[in-house]
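Trainee: Hi! Could you walk me through a protein model today?
Mentor: Sure, let's open it up and talk it over.

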Amino acid sequence: MLPPNTPIALPPLRILLVDDQEATRQVLVAQLHAAGHAVEQADSAESALTLFRQHAPDLVLLDVEMPGHDGYWVASQLRASEAGGWTPIIFLSSLDQDHNLWQAIESGGDDYLVKPVSGTVLQAKLRAMQRLRRMQNRLIELSDELRVANEQLTRISHEDALTGLPNRRGFDLRLQQEILSAQRDQTPLTLVLCDIDFFKGYNDTLGHVEGDACLQQLGQLLRSLCRRPRDYPARYGGEEFALILPGTPRSGAMTFARALLRTLELKAIPHPCSSIAKHLTLSGGITTCVPDKTSSAEGLLRRADEALYAAKSRGRNCFFSFEMQMDTREQRGNGRLPPASLA
Ligand SMILES: [Mg+2]
């Protein structure tokens, strides 16, 4: 704790001193240097504007009476050039009428000192400006911290805590964007909804800790299969996952589904209470379209969901697409379904 009356150390200022009289500038520069400040000197309105742009000073000390444009004009130009910014301006003038001060403040000045300025008064004003400067810097720091915190919050609110994949909220936003993008570029967009088969039984038998580990493993697996930068795997909710595959036609969607089923088969994550396999399996619904003006996220989700239901009703462990009227299981040749052709 500092004892009372101990001056608080404040960082020195970078000052732009504007005065057409060299003798006046010399006296002021000596005082400012003695107080530890750095000074740039301008002898006219024009050079003041140039140096202000070049050096972005912390403070401007501005003479009123100068040949050509006066200090009021300089102040209004500086204010106009700082959109959203604020650099303090203190006028120095031998004019001591009330209306001179009024005009100075109206033109954008923050304070007005009558020349000759006492060294003590000038130092006191500069200390006040240093405190304001410190406060302004702190506000800038705080608003930066707030921006970073907001970005983190947005990221977290779009992320599923368990799997680290985007959650439903993130997925919904991305789907809207990808539909618009595919509409604009007239490229195919594929949406996949998939669901772990008999997951309730998995949880009931092995417990929720194992169930969570299983969801995490599946999340990693989906992420590893999404190799293109815009492929977007998400946890849709519970044991449901959704994938957005931009620029993916029907054939590509089926290739993806087969690769996913094959990877699951190879991984062979044990599933103790599945009636169709010893390992974890997925059922999935696929929809692919080149979106037009009538396409909507709800419409795509409904079609994918209906296809998922069809995959479940066809015995699970397969992917189904109404657009193709094709079932991945046929391609795997287990013969449980009659052959179907591409629509
Ligand atoms: Mg002058």
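Trainee: Is E65 buried, partly exposed or exposed, and why?
Mentor: This is a predicted model, and in it E65 counts as partly exposed because its relative accessible area is 45%.

Trainee: And D63, buried or exposed?
Mentor: D63 is buried, with a relative accessible area of 4%.

Trainee: Cool. Which residues coordinate the magnesium ion?
Mentor: D20 and D63 each use OD, and E65 uses O, at 2.1 to 2.2 Å.

Trainee: How are those donor residues spaced in sequence?
Mentor: The pattern for the magnesium ion reads D-x42-D-x1-E.

Trainee: New topic! What does UniProt say about residues 14–130?
Mentor: An unreviewed UniProt entry places "domain: Response regulatory" there. In the model, that span of residues 14–130 is 48% helix and 21% strand, and its end C-alpha atoms lie 10 Å apart.

Trainee: How is the protein divided into domains?
Mentor: Domain 1 covers 14–142 and domain 2 covers 168–332. Taken over C-alpha atoms, the centres of domain 1 and domain 2 are separated by 65 Å.

Trainee: What about disulfides, how many are there?
Mentor: The count comes to zero.

Trainee: Why does C273 have no bond to C214?
Mentor: Their sulfurs are 11 Å apart, and a disulfide needs the pair within 2.5 Å, so that is too far for a bond. C214 holds the closest cysteine sulfur to that of C273.

Trainee: And C289? What is the nearest cysteine sulfur there?
Mentor: That of C226, 18 Å away, and C289 is in no disulfide. C289 is buried at 15% relative accessible area, whereas C273 is partly exposed at 27%.

Note on methods
Residues are numbered from 1 along each chain as its sequence is written. This is a predicted model: local features need pLDDT of at least 70, side-chain atom pairs count only at pLDDT 80 or more; totals for chains, interfaces and linings use all residues. Side-chain values use heavy atoms; hydrogens and water are left out. UniProt positions are given in the numbering used here, feature names are shortened, and annotations may be inferred rather than shown by experiment. Helices (H or I, at least four residues) and strands (E, at least two) are DSSP runs, numbered from the N terminus. Buried means under 20% relative accessible area, exposed over 50%, partly exposed in between (1.4 Å probe, protein chains only). Domain bounds come from an automatic or database domain assignment. Donors are N, O and S atoms within 2.8 Å of the metal (3.2 Å for Na, K and Ca); water is not among the atoms, so sites may look incomplete.
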